[in-house]
Amino acid sequence: MTTLQTADAARTAKAAPAAARPKRPGAAVRAARRLTGGATQLVLLAVALFWLLPTVGLLLSSMRGPLDIQASGWWTVLTKPAQLTLHNYANLLEDPTITRSFLNSLLITVPATLLVVVVGSLAGYVFAWVEFPGRDWVFLIVVGLLVVPLQVALVPITSLFGKLGIFGSITSVVLFHVAFGLPFAIFLLRNFFAQIPRELLEAARLDGAGELWLFLRVVVPLGGPAIASLGIFQFLWVWNDMLVALIFADPGSAPLTVALQQQTRQFGTNIDVLSSGAFLSMVIPLVVFFAFQRQFVNGVMAGALK
């Protein structure tokens, strides 16, 4: 009996180091560790700086005089900082065409964003949690509208707006953006709202909550990241749009993108206006993005974390 116990103890002693030995990481893990080293971070930093180079050049060009812009490149500011001035922005804000177009951009973008977010949120909740006949078929039609090119609708909607008497107005541009923004909004928010636990909604209904109260007090707070992401996307799309505004807006209701496009006809003499106007048109979307950055990141990462 003692001999058997000694043999078992020996086998156990031999097996213990093998079990305690740490498992060697796989090739993918080792490659990931190498790619997260200091050299990789330096390369990524260099790529980021190179990517920001045109933005820095645009900013410095917008703060140089017309003569300096025509005489040398923007990099000469690094050795001659006295060239920097805010005179271009002062002239830009005194130009009635630019100021009116900037206001038109706000009057187009803000309503188009709010309408898409509000209507898309309501429709997404209905498609996710409200039962009605033909719901899935209607949702499939909405999803199918995502593949319809914007250019296909330009001619028929131009004719429709002309009959309604709104062609050339800010209203026509807003309605067009809302119509083409809703399919994506409904698709995005419906899929996000569908991930809310059914038990939570059923518990609220048992407590006597109506659909509107349930939407405002439960669904909207939980869907805040997705709604914020949609708002950022829609704001950027509408603010940077030129094709729709170029077709549906008359000169009095044209946004900033159309006003800057018209300035390119005299590029050589208006480069100071173009540079300052282009940077101004870029600042507003950046402010909106950084204001909702946390909600945007949460919305993007929500699917990966579940």
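The lining of the largest cavity draws its largest share from α6, which gives 3 residues. This is a predicted model, and here's a quick tour of its empty spaces, two helix contacts and one aromatic pair. Helices α9 and α12 are worth keeping on screen throughout, since both give two or more residues to the lining of the largest pocket and at least two each to the lining of the largest cavity.

**The cavity**

- Searching the whole structure for cavities of 30 Å³ or more turns up 1.
- The largest cavity holds about 50 Å³ of space.
- If you want to select its walls, pick Ser105, Ile108, Thr109, Val173, His177, Val238, Trp239, Asp241, Ala245 and Pro255.
- Three helices each put at least two residues into that lining: α6 (96-129), α9 (170-193) and α12 (224-239).
- By residue class, the cavity lining splits into 6 nonpolar, 3 polar and 1 charged.

**The pocket**

- The largest pocket comes in at about 240 Å³ of space.
- It's lined by 16 residues, and the ones closest to its centre are Leu150, His177, Phe180, Gly181 and Trp237.
- His177 turns up twice, then: it is among the residues closest to the pocket centre, and it also lines the largest cavity.
- The elements giving two or more residues to the pocket lining are α9 and α12, with α9 supplying the largest share at 5 residues.
- Sorted by class, the pocket lining has 12 nonpolar, 3 polar and 1 charged residues.

**Helix α11 against α12**

- Helix α11 covers residues 211-222, and its axis passes 4 Å from that of α12 at an angle of about 70°.
- With that angle, α11 counts as roughly perpendicular to α12.
- On the α11 side, the contact uses Val220, Pro221 and Leu222, while α12 brings Gly224, Pro225 and Ile227.
- Of the residues in this contact, 5 are nonpolar, 1 is polar and none is charged.

**Helix α6 against α11**

- Helix α11 also packs on α6, this time at an angle of about 110° and with the axes 12 Å apart.
- These two helices are therefore roughly perpendicular to each other as well.
- From α6 you get Ser121, Leu122 and Tyr125, and they meet Glu211, Leu214, Phe215 and Val219 of α11.
- The class split for this contact is 5 nonpolar, 1 polar and 1 charged.

**Aromatic pairs**

- There are 12 aromatic pairs in the structure.
- One to look at joins phenylalanine 167 and phenylalanine 248: the ring centres sit 6.0 Å apart and the planes make an angle of 65°, so it goes down as edge-to-face.
- That pair ties together distant parts of the chain, with the two positions 81 residues apart in numbering.
- Phenylalanine 167 belongs to the loop between α8 (154-164) and α9, whereas phenylalanine 248 is in helix α13 (residues 243-248).

How values were computed: Residues are numbered from 1 along each chain as its sequence is written. This is a predicted model: local features need pLDDT of at least 70, side-chain atom pairs count only at pLDDT 80 or more; totals for chains, interfaces and linings use all residues. Side-chain values use heavy atoms; hydrogens and water are left out. On a 1 Å grid over the protein atoms alone, a cavity is a set of points where a 1.4 Å probe fits but cannot get out, and a pocket is an open set with protein on both sides within 12 Å along at least five of seven lines; lining residues have an atom within 4 Å of a point. Grid points are joined across faces, edges and corners, and a volume is the space filled by probe spheres set on the points. Ala, Val, Leu, Ile, Met, Phe, Trp, Tyr, Cys and Pro count as nonpolar, Asp, Glu, Lys and Arg as charged, and the others, Gly among them, as polar. Axes are lines fitted to C-alpha atoms, for helices over the stretch in contact, and angles run from 0 to 180 degrees between N-to-C directions. Angles under 35 degrees count as roughly parallel, over 145 as roughly antiparallel, 65 to 115 as roughly perpendicular and the rest as oblique. Contact means heavy atoms within 4.5 Å. Rings of Phe, Tyr and Trp (its six-membered ring) pair if their centres lie within 6.5 Å; planes under 30 degrees apart count as stacked, over 60 as edge-to-face and the rest as tilted.
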